[in-house]
Amino acid sequence: MTMRPLIAGNWKMNLDRAAGTTLARELAGAVASASAFEMVVCPPAPYLLAVAEELAGSPVALGGQDCHTAASGAHTGDVSAPMLSDLGCTYVIVGHSERRADHGETDAVVRAKAEAARAAGLVPIVCVGETEAQRDAGTTLDIVGRQVVDSVPDGLDGATLVVAYEPVWAIGTGRTPTVDDVAAVHAHIRGVLSAKTADAAAVRILYGGSVKSSNAVELLAVANVDGALVGGASLKTADFLAIARSV
Ligand code: PGA
């Protein structure tokens, strides 16, 4: 099996229903099933169903931005993995640094969310990444390696797991690590994953943090970079398509 790069759009808490459905319709119309990349969009939860309707019949996949660790129950305001699956999602982002920072999510919680996603048949996109202080202290590989060990469930494979490396300081800032730094972290993640799965070579490891059309060719060409997790530049059809076509 050759690995197909995954281009994931994380809309975060942006767009409204009209803008989201327009974006989804334009992407669905532009992406062919035979393309060199796989695309997934992760809209805000209230718009999942409307976006799912626009994507029906297209190869563009749907993902959630988060899920609860439980399948159902008394958790006001939360969304479960089976609910995402019910709406047509096939992916869900877990452990994004904004969730870790804003909602105090620990590696153990992220791992439980990834396990809940798998139990519901979803592919978790497990996010890891160091802060600027951690990078300055020279601890990036230790921090990211520890996050992978503690956040990623054991025994998954290339069809059931995606990992995203997103340096916290690169998200939404316009700053990116050097290609050498990205290569070093992605190689380290691949090595750490090999202790968790016999299929580490087939697990897609995405780079995220200020990916845009002007740097996508360079970043996607780095060894062990198997796609991109894109925030701001996934909100405009032309920008997101240009990133995908960089594959
Ligand atoms: P950005 O966000 O592309 O806007 O930097 C990436 C992310 O947080 O997933």
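**The ligand site and the pockets**

Let me begin with a contact: a polar side-chain atom of Lys12 lies 2.7 Å from an oxygen atom of the ligand, where a polar contact is a pair of N or O atoms within 3.5 Å. I should say that this is a predicted model, in which local features need pLDDT of at least 70 and side-chain atom pairs count only at pLDDT 80 or more, while totals for chains, interfaces and linings use all residues. Residues are numbered from 1 along each chain as its sequence is written, and side-chain values use heavy atoms, with hydrogens and water left out.

His96 also places a side-chain N or O atom 2.7 Å from an oxygen atom of the ligand, and in Gly232 a polar backbone atom is 2.9 Å from a ligand oxygen atom. The protein buries 94% of the 280 Å² that the ligand exposes when taken alone, with areas from the Shrake-Rupley method and a 1.4 Å probe.

Around the ligand there are 13 residues, of which Lys12, His96, Glu166, Gly172 and Ser210 come nearest; to be near, a residue must have a heavy atom within 4 Å. By class, this shell holds four nonpolar, seven polar and two charged residues, with Gly counted as polar.

Which pocket does the ligand take up? The ligand occupies the space of the second largest pocket, since a molecule sits in a pocket if more than half of its atoms lie within 2 Å of its grid points. A pocket here is an open set of points on a 1 Å grid over the protein atoms alone, where a 1.4 Å probe fits, with protein on both sides within 12 Å along at least five of seven lines, and lining residues have an atom within 4 Å of a point.

This second largest pocket has a volume of about 200 Å³, and Gly172, Ser210, Val211, Gly231 and Gly232 lie nearest its centre among 17 lining residues.

The largest pocket holds about 520 Å³ of space. Of its 21 lining residues, Lys12, Ala45, Gln65, Asp66 and Arg99 are the closest to its centre.

Note on methods: Polar contact = N/O pair within 3.5 Å; in protein donor to acceptor, adjacent residues only side chain to side chain. Points joined across faces, edges and corners; volume = space filled by probe spheres on them.
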